[in-house]
Amino acid sequence: MHIRHFFIISLLTAFSACQHSEYDTSRGIDKEITVFTDQVSLPLGDIGPLTPKSLLGNGLPDMIKSFIQEDEQGYLVCQATGPLSSNYVAMISMGLPDPSSPADFSIPDNTGEIDANAGMLGALGFAVSPQIFTLQANNPLTEGVCVSGKLTILGEEDKTLATEEFSKVPMEASTSNEVFRLEKTDEDTFTKFKVENTVLHLPASILEKDPLNGFGSFSLDYQYKAYIYLSADFPMPLNFDVDLNAPLGQFKVQEARICTEVSNEIPLSLEVSSVMILVKQLDEEGKESLVPYEDVSVTPGLTVASGCSGNPVISPLEMVIKAKEGTTIPDIAGLELELKLLAPAGVADKRINLNQSVSFNNLRATVSGGITIPSL
Amino acid sequence: MKKTVITLAMLAFGVALWAQDKNPAGNASLENGFVRIGEFQRFSRNNVGASAFLFPSGDKLVTGLHSSVSADDFLGGLKAVNSLYTQDDYNLVSYGWKDATRGFHTVEVGAKVNYGLSVPKEIFHILKTGTAQSPYDLSALQSFGNLYAEIAYGYALPISETFSVGARAKLLVGMNSVGISARNFTLTTTEDQYRLDMDADIDLTNRNKKVGTDPDGYLDYTSFSGKGKLGIPTGAGLALDLGLVWKPFDGFTVSASVLDLGGILWYYGNAGKSSGSYTFDGLKVLSTEEMTQDKLVSKLKDVGEEVLGVIKPKAVDKCFKWKAVPLNANMNVSYALPFWQKLSVDASCLYTGYSFCAPYWEARGGVSLDFPGLLHLGLSAGSGAHGFVYAFNGSVEFLNFKLYAAFENGIGGVIPYESTPLKANNKSLCIGLVYLIK
């Protein structure tokens, strides 16, 4: 081979076809990338503890406060109080045959209705238990006295729920005393009461033992307190719309799984019966509205089991948000949630407390099928 | 005209054996001295090419992270550790002379710079497929750069008519060095927890210009004190070249050498250490009050700060570190054909060991034409650590001047209008001019 041919062939070998036109970067490089095409998991953290009180902001709304209250420990209660009788020391002393000797003084019988609205709650699946009826008596004297009597609690249709007698219950001097307490866990709601045969067992010379010189009074009051719990499933689902502005469409996510362990102290089971994704839609007039998006399914039937104060119950939850084959999760403008409140099961203390907490622990997300980032 | 084109082409592409063979024993056969007026040589040794990251798709190019590129296609084209390495050698001047006792002396002054980056495949694996295959060892992630000068004295001695030996002692003067390397860099990802374990060093020389530190002791690259003076040495070392040439019979030559056996003791005045572990298991105790965008962003910033607390290098005491320079071992065998001794068949092998990335090797065979006093032409091809390689070499003599140039490459082509190779590649270019003292 001629030397010239040798080098020409060599050069051609080396440099012809070295430029690969399909790799011509001057045509541009599509910088869209899709990362984590199998799946990526990310720990999100812990949410909570959340309490009904913190979720409600400033406690119970005023509308509800008129028939449900929060007691000093945070329990939801129905309660009522009222006076039964009041007798000045001077008046009692005047009626005694011999004020210088110990004597019994009878107080007229009292009948009253318990105006606590507890019965209204039944229509919503709530009930009250335990119910506590107490008699409070004020002793104005500087010496202790005793009181006796009989209490009858009536329920619906004047059904007698309890009859209790109390005899010579001591009342400490110069203070208000709980002279009788009746606590029942029956399902029947207290509606009326009768206080009969009430007798004050007085010491001698009560006028002299009254620091107010006879203007002190023996008063008798009642207090009714009933703790609220959910005794039957709440009769209707609760629908909530949650506003969101999650522009997920650009990321072309096909499936996201969110897992958590819910630790619940609230004695209510909560079922998320339906989650519908809402997207923005423009009508013919260009008006924007939120409409359900049917091409994405969210696992229904998530249930958070009920717990109670100090004994939270842990429920593992897994929610899968999945786009239909060939589609991806769109820009989410909101969620339409349907929740069901279910009666607690297997819980010792069913009383609802606004300080009971629910926590979403070990919240984690797994995205499958990749996340697309339009351009780096 | 044709002769001119061919001559220029020859000069542009080729590795002149005379130039490439840095065997210190090679000069023993020279009858007269020389002055090398200058030589530039560049090596690019990349075990992945652009085609591992760019993929044609329709009329466009997409990256390996595009959805149209499968994980197998993208990750299958990557190496366990993907390295980019470049080395530039500048021989500023050399002078060689023969003494009265047949020995040949050389004095050389030059400079070398090398820099590189190594990225473990795991990083791309995480990005492409996700976090299912935890844990990930990312400790191969490193980068480095070194600039140093060489002052060398060489001596070659023909022991006999057929056997010569040579040695070259080099004083290495470190100018600047930077290195980021990890003893441990592990990312463990589970559904419940991400954990980062790190134990890495950042070494940066510069005797007079001190990188500042923030109040927590982290290096602050936005604050410097002192005036940096590029010319002040920041390291010193020694290296040795050893070689032999054996011509057992007429036309047959064996040449072997070990080059750059040594290293530099660098003074890292700006040393830092990233060390520690960080565990992220989500944002904790998010109450209703904290579920606002501002507070969530604030918590995320706190997480970022904690991660940075592990990654950011903390200043450590200045230190000395010994780092070997790239070590070369070469062997060449050449046989001049008896029927026309101007034509030779050659075989050569090369091994380069690096302290900072995977070694490189190649073995080649070729032919060469040698017209003494006029020109030398050669062609060789073979296989190396990065696949097929070929080389052209040539030199031409005119009067007392010898101009030589060289080109070595792999196959696979380059990105049009750019020199970026598409495949894993060893690419070298050499050009030099020598004045021969006759």
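A residue counts as buried here if 20 or more other C-beta atoms lie within 10 Å of its own, exposed if 12 or fewer, and partly exposed in between, with C-beta atoms placed from the backbone. Keep that handy while you click around.

This is a predicted model: local features need pLDDT of at least 70, side-chain atom pairs count only at pLDDT 80 or more, and totals for chains, interfaces and linings use all residues. Residues are numbered from 1 along each chain as its sequence is written, while chains are lettered from A and ligands numbered from 1 in the order in which they are written.

**Stop 1: confidence**

Colour by pLDDT, the predictor's confidence in each residue, from 0 to 100. Chain B averages 88, and 93% of its residues score at least 70. Now select residues 1-20 of chain B: pLDDT stays under 50 there, and the model has 52 contacts beyond four places in sequence for this stretch. A contact means that the C-beta atoms of two residues, placed from the backbone, lie within 7 Å. For the complex, the predictor gives an ipTM of 0.79 and a pTM of 0.78.

**Stop 2: chain A from a distance**

Hide chain B and show chain A as a cartoon. You should find 4 helices and 23 strands; helices (H or I, at least four residues) and strands (E, at least two) are DSSP runs, numbered from the N terminus. The radius of gyration is 37 Å, well over the 21 Å that the globule rule gives for 376 residues, so chain A is more spread out than a compact globule. That radius is taken over C-alpha atoms, and the rule is 2.2 Å times the number of residues to the power 0.38. Along the principal axes, the C-alpha atoms of chain A fill a box of roughly 155 × 45 × 40 Å. Buried residues make up 30% of the 376. Of the chain A contacts with a separation of 6 or more, 85% are between residues 24 or more positions apart.

**Stop 3: an open sheet in chain A**

Pick out strands 4, 5, 13, 8 and 11 of chain A. In the order 4-5-13-8-11, these 5 strands form an open sheet with antiparallel pairing; two strands pair if DSSP finds at least two bridges between them. Strand 4 (69-70) and strand 11 are the edge strands, each pairing on one side only. Zoom in on strand 8 (residues 126-139), which pairs with strand 11 over 9 bridges in the antiparallel sense. Label A:Gln136 there, and its bridge partner in strand 11 is A:Glu178.

**Stop 4: backbone oddities**

Most residues other than glycine have a negative phi, and most peptide bonds are trans. Here are some exceptions.

Select A:Lys168, in strand 10 (residues 160-171) of chain A. Its phi is near 45°, a positive value in a residue other than glycine. A:Lys168 counts as exposed, with 10 C-beta neighbours inside 10 Å.

Move on to A:Ser174, in the loop between strand 10 and strand 11 (175-184). A:Ser174 isn't a glycine either, yet has a positive phi of about 55°. With 16 other C-beta atoms within 10 Å, A:Ser174 is partly exposed.

For cis peptides, look at the bond from A:Gly48 to A:Pro49, with omega near 0°; A:Pro49 sits in strand 3 (residues 39-50) of chain A. In chain B, the bond from B:Ser134 to B:Pro135 is cis too, with omega near 5°. B:Pro135 is in the loop between helix 4 (121-129) and strand 6 (136-137).

**Stop 5: where the chains meet**

Bring chain B back. The interface has 43 residues of chain A in contact with 47 residues of chain B. Strand 3 of chain A gives the largest share of the chain A side, 9 residues. By class, that side has 17 nonpolar, 17 polar and 9 charged residues. Here Ala, Val, Leu, Ile, Met, Phe, Trp, Tyr, Cys and Pro count as nonpolar, Asp, Glu, Lys and Arg as charged, and the others, Gly among them, as polar.

Strands pair across the chains as well: strand 1 of chain A and strand 3 (residues 60-63) of chain B run parallel over 2 bridges. Label A:Asp30, and opposite stands B:Val62.

**Stop 6: two sights in chain B**

Select B:Gly64, in the loop between strand 3 and helix 3 (71-76) of chain B. B:Gly64 counts as buried, with 21 C-beta neighbours inside 10 Å. Leaving out residues up to four places away in sequence, B:Gly64 touches B:Phe53, B:Phe55, B:Val69 and B:Phe74.

Last, select helix 5 (residues 293-311) of chain B. Of its 19 residues, the number buried is 0, so this helix lies largely in the open.
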